[in-house]
Amino acid sequence: MLSIRLLLPLFLVMILFTTMTLPARAQPVLTFGVHPFLPATELHKRFQPLIKHLTHIMKRPVRLHVASTYAEHIDNVGNQLVDIAFLGPSPYVKIVKKYGPPKLLAQLRVKGKDTFHGVIFTYQAATIVKLEQLKGKRMAFGDVNSTMSHLVPLHMLEKVGVSKVDLASHQHVQNHVNVIYGVLTGLFDAGAAKESVYKRYAHWGLRVLEKSSAIPNHVIVARSNLPEEVIAEVKKALALLKPKTMDAQLLKALKPGITGLGVVSDKAFDGLRHILNISIPKRGVE
């Protein structure tokens with residue numbers, strides 16, 4: 001019979017072999033939600049570098065989910081159905097009001113600024129030169145929950161006495177690019193989009209009627225009940241995307257002018273809340 005002294009080394013080798021051959025426990029997939037402000041194929045192309053960065057740094061799989069509508073995206077974030085999300089300013093304000101605040105992780109910085117603008121525009125040869133002349137005209141908006149292709153432009157029109165009932169017609173065409181095409185093809189006399197999208201197509205024959213005031217830029221958030229250790233992992237990965245670093249270059253895929261990420265507080269959105277909570281409800285929004 002083998003002695004305990006002889007069996008012990010064999011037992012230790014078996015334990016070591018078993019430990020080495022056991023697969024590592026798979027980390028749960030994190031879902032990164034995005035609203036459909038551009039066609040889904042373009043959004044997947046733009047966000048993949050960031051998704052790959054998060055996956056690599058956090059050592060856990062991250063998948064992109066593009067909601068079919070802004071409303072679906074708002075509900076996904078509010079109902080904790082996505083772990084991380086990219087939010088426009090108006091959807092963020094609406095989520096806070098309806099569901100409570102998600103965890104603010106970072107805000108986009110574009111050319112060093114934490115705000116952006118929208119424009120109401122027409123085609124180059126149009127006789128329209130000011131917003132008041134849009135009475136009786138055909139207007140293209142994006143999604144009803146879009147900051148710069150509906151809510152802020154609607155406020156701009158209301159300020160000069162033009163409501164939706166004053167328009168000959170209006171239509172929501174889902175995203176900013178569709179608004180651009182709608183005006184270029186003559187389906188609409190004017191449209192509303194964020195300035196960065198407008199500038200990509202302006203040389204095709206478009207002209208700005210009015211530029212919006214500055215609005216807080218897009219943010220990255222986490223669901224409110226995401227474990228703190230996971231939030232810390234996400235923040236660590238995002239913190240690597242500092243201006244003028246190689247890591248920050250992947251943000252250029254989202255938008256060429258992005259220079260990095262910065263901190264943001266809920267208070268930054270108070271001005272937009274005034275527009276959404278006071279100005280817009282005067283006439284109502286679908």
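A residue counts as buried here when its relative accessible area is under 20%. Y198 meets that cut-off, so it goes down as buried, its relative accessible area being 7%. The model is a predicted one, and what follows looks at its aromatic pairs, one helix and some salt bridges.

Y198 has a ring partner, F121, and the pair is tilted, with 5.4 Å between the centres and 45° between the planes. F121 belongs to strand β6 (residues 118-123) and Y198 to helix α7 (residues 195-201), so the contact ties together parts of the chain that are 77 residues apart in sequence. Like its partner, F121 is buried, at a relative accessible area of 0%. Helix α7 also holds E195, which likewise counts as buried, at 16% relative accessibility. Setting aside neighbours within four places in sequence, E195 touches H117, G118, V119 and K211.

Back to rings: the full count is eight aromatic pairs. In one of them, F47 and F86 have ring centres 5.2 Å apart and planes at 70°, so this pair is edge-to-face. It also bridges distant stretches of chain, with F47 in helix α2 (residues 40-58) and F86 in strand β3 (residues 84-87), 39 residues apart. Both F47 and F86 are buried. Together with F32 and F37, they make up one aromatic cluster. Elsewhere a ring meets a charge instead: the charged end of K164 sits over the ring of F141, 5.3 Å from the ring centre.

Helix α2, home of F47, is worth a walk from end to end. Its 19 residues span 25 Å from first C-alpha to last, close to the 27 Å expected at 1.5 Å a residue. The helix does have a kink, though, of about 40° at F47, shortly before the proline P49. The buried residues of α2 are L43, R46, F47, L50, I51, H53, L54 and M58. An α-helix has 3.6 residues a turn, so residues three or four places apart point the same way. The cover over the buried residues of α2 includes strands β1 (30-34), β2 (62-66) and β3, along with helices α7 and α8 (228-239). Just after α2 comes K59, with a positive phi near 60°.

Helices α2 and α7 also share a salt bridge, one between the side chains of R200 and E42 at 3.4 Å, N to O. R200 is in α7 and E42 in α2, and 158 residues separate them. Neither end is buried: R200 is partly exposed at a relative accessible area of 33%, and E42 is partly exposed at 21%.

Across the whole structure, the search turns up twelve salt bridges. Another of them joins D83 to R223, with the closest N and O atoms 2.7 Å apart. This one spans 140 residues, from D83 in the loop between α3 (70-78) and β3 to R223 in the loop between β12 (219-222) and α8. Here both D83 and R223 are buried. A further bridge brings together the side chains of D266 and R273, at 2.6 Å, N to O. Its ends fall in separate classes, D266 being partly exposed at 29% relative accessibility and R273 buried at 14%. D266 and R273 also belong to a network of salt bridges that takes in K267 and D270.

Technical notes: Residues numbered from 1 in each chain as written. Predicted model: local features only at pLDDT ≥ 70, side-chain atom pairs only at ≥ 80, totals over all residues. Heavy atoms only, no water. Phe/Tyr/Trp six-rings, centres within 6.5 Å; stacked < 30°, edge-to-face > 60°. Helix = DSSP H or I, 4+ residues; strand = E, 2+ residues; numbered from the N terminus. Buried < 20%, exposed > 50% of the residue type's maximum accessible area, 1.4 Å probe, protein only. Lys NZ or Arg CZ within 6 Å of the ring centre and 35° of its normal. Contact = heavy atoms within 4.5 Å. Expected span 1.5 Å × (residues − 1). Bend = angle between axes of the 7 residues up to and from the residue. Salt bridge = Lys/Arg side-chain N within 4 Å of Asp/Glu carboxyl O.
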